[in-house]
Amino acid sequence: MVTARHIVVPLLLALASASPVRSEDDLGAMWGTAEAEARYYPIVTIPIPPGVPLRPGGLEVIPDGRLAVGTRRGDIYFVKGAFDTPPRPEYHLFATGQDEIFSLSWRDGALTATTWGEVTRISDADGDGVADRYEALTSNWGYAEGHEFAFGSKHDPEGNIWVALGLSGSYESHNLFRGWAVKVTPQGRMVPVCSGLRSPGGVGTNAAGAMFVMESQGPWNGCCSLKPLQEGAFLGHPASYNWYPFAPHVPAPAVEPRSDSRMAIERRRVKELVPPAVRFPYIKMGRSISGFRTDTTGGKFGPFRNQIFLGDYALSIILRATTERVNGVWQGACYPFREGLATGIMNVEFTPKGQLVAGGFTTTSQWPVRGTEPFALQRIDWNGVTPFEIEEVSIRRDGFLVRFTLPVDPQVAAQPGSYTITSCTHVYHAGYGSPEVDHVAHRVSRAVPAEDGLSVRLYLDQIIPDHIHDFDLSKVRSRDGKPLLHGKAYYTVNEVPLE
Amino acid sequence: MAVGTRVALNRTSATPKTRAFRAWWVVARTCILVLLGMPSPRASVVVPGLDATQLEPWLKGLVLVEEMNCVACHPGDASLAARSRKAPRLQDAGSRLHPAFIESFVRDPHGTRPGTTMPDVLGTLTPAERDPVARSLTHFLLSLRPSSFSMEAPDTVAATHGRRLFHSRGCAHCHSPRDERGKELEPTASVPLGALEVKYGFKGLVAFLERPHAVRPSGRMPDLQLGRQEIERIAHYLLQDTRVPGRLSYTLFQGKVWEGIDGDNVRAERAGHADGFGAGSLAKPSHHSAIQYRGWLRVTKGGRHAFHLTANGALLELDGNQVLQLKPSDRRGPKTMEGFADLAPGWHAIRLDYYHTGHEPRFSLEMEGPDTPRAPIDPSRLSVSTDDIPAHEPFRVDAGIAEAGRRHFEQLGCARCHDDVQVTSSPHVAWAKLDVRRGCLSGGPGPWPRFDLSPQQREWMGLAWARAERPGLDDRQQVGKTLAALNCVACHERAGLGGPRPERVALFTGTQPNLGDQGRIPPPLTGVGAKLTPGWLGEVLLRGGRQRDYLDARMPRFGEANVGHLVGLLAKVDVLEPASIPDLAHDQEVKDAGHALVGATGLHCIACHMFNGQRPGEFGALDVARAPERLRKNWFHLYLRQPARFHPTTIMPAYWPDGRPGSVQVLGGDAGKQIEAIWAYLSDGQRARKPLGLSRESNEVIVADVAEICRGQGPVGYRGIGVGYPERIHLCFDAGEMALRQLWKGDFASVSPGHFRPRGSDLITLPPGIPFHTLATLDEDWPAKRKTNHAFPQDHGYQFRGYHLDARRRPTFRYQFGNVAVEDFFEDVRNAEGKAYFRRSLRLDNQGEPVSFHFRAAAGKDVRRRSDHEFTCDTLNLRIISAHSGTVRDGEHGDVLVPLSLPRGHTVLSLEYQW
């Protein structure tokens, strides 16, 4: 029987990083940049024929160039012609009958799907174009309550799938390894990696190959964040401490974090605590960030090569992030990229042509989504025109280096007053989300544009670890006098370089 | 004992109670007599099918002879008696009908119900003489059984729905359509209803509509097979003018009531009478509801009146003037306020809208006046009307008067027609001796029952009279007579006979406007015997079979005794020329061609037609996969070649115009071969392979020629795998414990994201628990997943490894138990009687040292051993067909255990599950 609870409990609670909200809740102001964005990155809708319930969860491009879409209904479609302009999609039903599919990855002649309860290798042995082998690589985590999501990565170089397991009901950990990330080997062995997750929404690597998970705002998480999956790490939410006895090779932390503290303070107490690499200020930079992919198209998608692109479910937007490793700790920045997609974005995938496919759906429950389509498959194409954008913010011992996609007006760029930099942090606590606290206005002492105008070195009076540094560069102009397409960037400082 | 007669009224010994009854009876009867006495069109006997049909005149006369049951008084041939319409059963008349109506109807049937077939049997009496006879007959009928007659305030909200249903479900094709105020618009051409509120109480009418044949066995009032709610709504509509005393009328609204009760997101739920103000006066209303009360407030001493109100929101009006208004809000709790009104003594119209919403909703209304201290309004000051409406009181039967009535019933010959009452009337002149120039058909006065016949009707009957006993009808006449008598032509056109009245065709509606007239008007009966298989015709006529769910009109049931003969007769009467059907073997190649034609890349039939219960996008035309079940093959060929021949307005295209090759090049484009291929393909019915382009949007997973799987949360936990098999038996396998958990039959499953649940029937649920285990002792509990054994069943050596599909997409489940690799396959097979069951084979590959353990083959409450190889487990029969034996353990869940000793290598364990 489907119980009333199962119907009422919105399946996407864990994805939506907000506290329970009603549909009339404000989704926050839009950036208001959609029209300008469209001049560089038009959105192309890939039509879905009637009768195809294509609510995308997992996306993958298979070797013959078709797009594989794993759906909420548990089907996998192969879509030919999705990358054509205009798209001429032909849908082929490859596999059916699975639980909700959240992730797809191709390797060695098979698709590996991650669903609520299983990592399944799906292949077509008799070659008739329809799957006939469904091999469970693992189903060894507990799955017995709502919200116990499971998001999988692409295969890592060793062929492992990394899976992030959401908490029971998104608050507690009642079933085995809820709140952990595990690694599933090609032989089907499940290796617990790290604890401390709340309600993840996507797993993937950065350009350096380091594995990250997208975490949702909630208890012990002031906002959505990109967290590195490191062996033995504790990622912040202590509900999953109870599974260390089931992972004997992962040493249990000696202490638990204290509530109503700060991440920087608790890092000193809990040695295993690894801070989020990139924090996404709530609403301003996403509300329920989901699947993400790194742009390895070699420039086909524009000036942001090797950067991370992330979908957001509630706001129907795409965000951008950069990461760097400082003193052995991952940190980085996030940036607005594209708004105005048609539905709640569950996942994204780059195409061989350098387009970014985004797909997802809305639900009939009270979870708000800005996009209005019940489900959609869309594509963001780069039309070859370079927008004037902040390309990347990276940290220096005494300030930041800000790179731009086009040369800046050197005179404006050299004035410290062209840069408004503030910072704040979140309370690290068991309560839901966090206000932004400990606000600081930073003084830019010097701004030195590079000769080519593509970067500016900023010197600050202070850099504060554990703070999100909010860059407002809207006064900066390009060499031909244009403002930035997006003037904002948010850099999460965990460490300050020693050199 | 005093009784409600004028004579009794003069008695002085009456108790106060009987006086009250008398007063009620006088008023009630007066009201009804006034209503009944209103001028109404004098109509001749109405048999509505007669006017609409083109029967020969003498045949119309025969219909009248049978409809009026002439043979009941004039004994004749038994076949005429059998064919004639039975009069309403009267045993329960006292519970069904208002006593005043009975009296009035008996006294003057034609004045009371113009058009009725009931004769006036008191024609020889003076008006003064009629009254006591009618009264005594009423007492007699009410003496037959205890009466449960009651009257209820009508639910005006339900009546609004009822009006729509009355006009759309089909009632208004025999009975007259009504205007907005309930007035019958075409009474002379309809079975008369008149003012039903003086005839029925709500419960009595509902009971009649639910089982009309119990009262009227001849099926002229057919059973529309409506659900209880629709019947109640129609009853509220027909009785909307019922008046009963009460304190207040209310209407209950639900939805976003804080936007106001007229808002788009608010709907009226129900209405009726309430004892007073406040939510407590109704059955507990749900949150987000509003109640509008209307009634009259009686003021005893004039002056300024204060009203004190606590509510989330409310509007109080007196005589249309606003006294208090508080706008409701869902974001706060109740507020308190007060208002004043200067009121003269007497009645004042009062209206209160109360909003039961927001935080902790609560209500109180108090009034303070010159002669009343502040207090809730005393209900005795409230009334739904300023008129004094008498309450219905149970009728009191006077045994003496009833006995007189019984004698009248016998002497007047009532018992000849109403033969369910245990009274015998002596027969009248025998059929053979009748002289139609005298008596009932003469048109003149005389000592005979008076039928309200028109001269034309008398003429028709005169033509039929002599032949009525043995009319010697041919099949066509027989069909025509039945279709006329039952008024089938009110809804169905039949060439040469008649069809729906043009002025009522607009009443037909449907849920699929895209289908045009075919989506709203019931199908024509022209040639229906050559179109439908006898099986399906019988299904529709006798067993309520129905495929046109998009029609709002309902095909009623008339009763097998009344229409059973049509199944055979229609097939004999309706003949079409043979179509040219090519001789094509129904092999796989031909079926594949049919599959290609039906699908999206062929003729794309499923663009409009349902397929095996699955609905295409915007249309929901008849299910093509069920066509061979309904249709004769010859008709199918003729129809597909020229659809407009059978349905001039059809939107179905002609794919082979003039027999030319079609645009799809399957089978050379040959029309006959392609149609035959479609027929061959569709003849697989529910097993027909799903055509290309069939929508997957439906929540129901339909199994066709290959197995279907769905996974997720379900009745057996979060890791269920449901498998639907083409033989229409299904199972649920728990991938968490690697155990068979459910078996069922029929429809497969419904799915929603991450969930599925079985449909169908004959569901067997087996308890949780792993399949293999080494029991230390036979007393040990069989291990199963609990909340806290987190590592179970991996800690028992289990690992689920997924499944492989065979050519028919049936899974072989694969899992590891220690060193034993298991392949677990369920095959859907049929036994000699055609009954489907599962044959299960477990192929165990022991890759380690020899090992022994138990296999739990089944478990349940009532587990019994038939032999070493045969067991029953509740309704499941289990047979071990490999060379293994089982034992039975008792307990809360008894189980069938099969001890296994596995050498290294393969062992196969085979079982059968039948239920």
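This is a short walk through a predicted model with chains A and B, one selection at a time.

**Stop 1: chain B as a whole**

Start by showing chain B alone. Its C-alpha atoms fill a box of roughly 105 × 80 × 60 Å along the principal axes. Colour by secondary structure and you should find 26 helices and 31 strands in this chain. Of its 915 residues, 44% count as buried. Contacts in chain B often reach far along the sequence: taking those with a separation of 6 or more, 68% link residues 24 or more positions apart.

**Stop 2: the cores**

Bring chain A back and select A:I76, A:V163, A:A181, A:V182 and A:L319. These have the most contacts inside the largest nonpolar core, which has 323 residues. Now add residues 671-682 of chain B: this is helix α26, and with eight residues it gives the most to that core.

Zoom in on A:V163. Which residues are in contact with A:V163, once neighbours within four places in sequence are left aside? They are A:T114, A:V119, A:A150, A:F151, A:G152, A:A181, A:V182 and A:V184.

Another core, of 36 residues, lies apart from the largest one; B:W258, B:F277, B:F307 and B:L318 are among its members.

**Stop 3: where the chains meet**

Next, show both chains in two colours and look at the contact between them. Here 32 residues of chain A are in contact with 30 residues of chain B. Select residues 133-138 of chain A, strand β9: its four residues are the largest share of the side of chain A that touches chain B. That side of chain A divides into 13 nonpolar, 12 polar and seven charged residues.

Keep β9(A) on screen and add residues 798-805 of chain B, which make up strand β21. The two strands run antiparallel and are joined by three bridges. To see two facing residues, pick A:Y134 and, opposite, B:Y803 in β21(B).

**Stop 4: two domains in chain A**

Hide chain B for a moment. The domain assignment splits chain A into domain 1 (11-17 + 31-380) and domain 2 (390-492). Their centres, taken over C-alpha atoms, are 28 Å apart. Where they touch, 36 residues of domain 1 are in contact with 27 residues of domain 2. On the domain 1 side, strand β21 of chain A gives the most, with six residues. That side is made up of 21 nonpolar, nine polar and six charged residues.

**Stop 5: an eight-strand sheet**

Still in chain A, look for the open sheet of eight antiparallel strands, in the order β18-β19-β20-β21-β32-β31-β27-β28. Why is one side of β18 (289-294) and of β28 (436-442) left without a neighbour in the sheet? These strands stand at the edges and each has a single partner strand, so nothing in the sheet pairs with the other side. On average, neighbouring strands are turned by 25° against each other, direction ignored.

Zoom in on the β18 edge: β18(A) pairs with β19 (residues 308-312) over four bridges, in the antiparallel sense. One spot to click is A:I289, whose bridge partner in β19(A) is A:D312.

**Stop 6: two covered helices in chain B**

Switch to chain B and select residues 57-67, helix α4. Of its 11 residues, 10 are buried, including B:W58, B:K60 and B:E66. The buried residues pack against α3 (48-52), α5 (78-83), α17 (455-465) and α18 (475-485). Just after this helix, B:N69 takes a positive phi of about 60°.

Then try residues 228-238, helix α14, where eight of 11 residues are buried. Its buried residues are covered by elements that include α10 (156-168), α11 (171-174) and α12 (202-210) of chain B.

**Stop 7: backbone oddities**

Most residues other than glycine have a negative phi, and most peptide bonds are trans. Here are some exceptions to click on.

- A:T85 to A:P86: this peptide bond is cis, with omega near -5°, and A:P86 sits in the loop between β4 (76-80) and β5 (90-95) of chain A.
- B:F792 to B:P793: a cis bond with omega near -5°, with B:P793 in the loop between β20 (772-773) and β21 of chain B.
- A:D260: phi is near 55°. Is A:D260 buried or exposed? A:D260 counts as exposed, because it has 9 C-beta neighbours inside 10 Å.
- B:L667: phi is about 50°, in the loop between α25 (643-646) and α26 of chain B. B:L667 is buried, with 23 other C-beta atoms within 10 Å.

Conventions: Residues numbered from 1 in each chain as written. Chains lettered and ligands numbered in written order. Predicted model: local features only at pLDDT ≥ 70, side-chain atom pairs only at ≥ 80, totals over all residues. Core = buried A, V, L, I, M, F, W, Y, C linked by C-beta atoms within 7 Å. Buried ≥ 20, exposed ≤ 12 C-beta atoms within 10 Å, placed from the backbone. Contact = placed C-beta atoms within 7 Å. Nonpolar A, V, L, I, M, F, W, Y, C, P; charged D, E, K, R; others polar. Pairing = 2+ DSSP bridges. Domains from an automatic or database assignment. Axes fitted to C-alpha atoms, helices over the stretch in contact; angles between N-to-C directions.
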